[in-house]
Amino acid sequence: MSERRIGASIRRRRRALDLTLAEVAARSGLSSPFLSQVENDRARPSMRSLQRVADALDTTAVQLLAAGETPRRVDIVRADADPGLDPVLDPTARVRPLVRGQQQMHALEFTGGQDGGRAFRHRNDELMYVADGSAEVEADGRTHRLGRGDTLYLTGGVEHRWRALEAGTRVLLVAVADHVEAVVDPRS
């Protein structure tokens with residue numbers, strides 16, 4: 001497996017927005033030296049830090065991760081090949097990309113705790129599948145409790161947040177990538 005080049009994707013995005021490291025540091029609350037180390041792949045950010053950088057660059061952590069990989073026509077992501085990123089606060093929590101490269105869809109596996117404080121709104125549709133444990137999702141003004149085997153489908157533009165309700169929860173998220181222009185079927 002090729003190593004994820006998250007630093008290069010962060011640098012490309014920062015330069016595309018014509019921002020300095022100092023400006024991204026100010027926007028993200030992270031230090032310029034740390035960001036420099038991340039951009040040069042000498043430091044690996046936690047999921048929380050990566051999300052702060054993504055917010056500062058007006059993108060998502062998933063898009064930064066995807067941009068750090070070369071697309072593949074056929075690819076297998078082995079369960080033990082990449083431990084993923086560590087979310088903050090819960091040392092047992094993990095976020096692992098299930099699809100590498102900038103593809104038409106994103107897929108992530110969340111294991112362990114997930115803080116429900118951050119709201120998400122994606123351009124395109126998303127599917128959440130609870131493989132183990134349980135989760136609570138707030139979407140479109142309602143709260144939904146999901147158990148093992150349950151799925152939740154969200155159309156693009158729906159603001160939502162979610163959190164794991166018990167230890168050992170494993171959630172798979174699959175979404176149409178934000179760079180894809182989804183069109184409405186004229187027959188519907």
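Leaving aside neighbours within four places in sequence, which residues is Arg14 in contact with? In this predicted model, the list runs to Leu19, Thr20, Leu21, Val24, Glu39 and Leu57. Arg14 is a handy way into the helical part of the chain, so to speak, since its own address is helix H1. Here's the rest of the picture, topic by topic.

**The chain overall**

- The chain has five helices and eight strands, and going from the N terminus the order is α-α-α-α-α-β-β-β-β-β-β-β-β.
- Of its 188 residues, 42% count as buried.
- Take the contacts between residues at least 6 apart in sequence: 64% of them join residues at least 24 apart.
- The accessible surface adds up to about 10500 Å², and carbon and sulfur atoms hold 49% of that.

**Helix H1 and Arg14**

- H1 covers residues 6–16, and its buried residues are Ile6, Gly7, Ala8, Ser9, Ile10, Arg11 and Arg14.
- Those buried residues pack against H2, H3, H4 and helix H5 (61–67).
- Why does Arg14 count as buried? Its relative accessibility is 10%, and the cut-off for buried is under 20%.
- The Arg14 side chain also has a polar partner: one of its polar atoms lies 2.9 Å from the backbone oxygen of Leu19.
- Just after H1, Asp18 takes a positive phi of about 60 degrees.

**Helix H2**

- In H2 (21–28), the buried residues are Val24, Ala25 and Ser28.
- Looking down the H2 axis, these buried residues fall within an arc of 105 degrees, so they line one face of the helix.
- That fits the usual helix geometry: an α-helix has 3.6 residues a turn, so residues three or four places apart point the same way.
- The cover over the buried residues of H2 includes H1, H3 and H4.
- Val24 turns up again here, as one of the residues in contact with Arg14.
- Gly29, just after H2, has a positive phi of about 80 degrees.

**Helix H3**

- H3 spans residues 32–39, with Leu35, Val38 and Glu39 buried.
- Seen down the axis of H3, its buried residues sit within an arc of 95 degrees, so they too line one face of their helix.
- Helices H1, H2 and H4 are among the elements that cover them.
- Glu39 is also on the contact list of Arg14.
- At the N-terminal end, Ser31 acts as the cap of H3, with a side-chain oxygen 3.1 Å from the backbone nitrogen of Phe34.
- Past the other end, Asp41 comes just after H3 and takes a positive phi of about 55 degrees.

**Ser49 in helix H4**

- Ser49 belongs to H4, which runs over residues 47–56.
- Is Ser49 buried or exposed? Ser49 counts as buried, because its relative accessibility is 12%, with the line drawn at under 20%.
- Not counting residues up to four places away in sequence, Ser49 touches Leu30 and Phe34.
- Phe34 is also the residue whose backbone nitrogen pairs with the capping oxygen of Ser31.

**A nonpolar patch on the surface**

- Which residues make the nonpolar surface patch of about 340 Å²? They are Met105, Leu127, Tyr153 and Val174.
- Of these, Tyr153 can be placed in strand E6, which covers residues 151–154.

Key: Residues are numbered from 1 along each chain as its sequence is written. This is a predicted model: local features need pLDDT of at least 70, side-chain atom pairs count only at pLDDT 80 or more; totals for chains, interfaces and linings use all residues. Side-chain values use heavy atoms; hydrogens and water are left out. Helices (H or I, at least four residues) and strands (E, at least two) are DSSP runs, numbered from the N terminus. Buried means under 20% relative accessible area, exposed over 50%, partly exposed in between (1.4 Å probe, protein chains only). Contact means heavy atoms within 4.5 Å. Patches are made of residues with over 30% relative accessible area and no salt bridge: like charges are joined within 9 Å, nonpolar side chains (Val, Leu, Ile, Met, Phe, Trp, Tyr) within 5 Å. Accessible areas come from the Shrake-Rupley method with a 1.4 Å probe; for residues, only the protein chains shown count as cover. A salt bridge is a side-chain nitrogen of Lys or Arg within 4 Å of a carboxyl oxygen of Asp or Glu. The arc is that of the directions from the helix axis to the C-beta atoms. A polar contact is a pair of N or O atoms within 3.5 Å; within protein, one must be able to donate a hydrogen and the other to accept it, and residues adjacent in sequence count only if both atoms are side-chain atoms.
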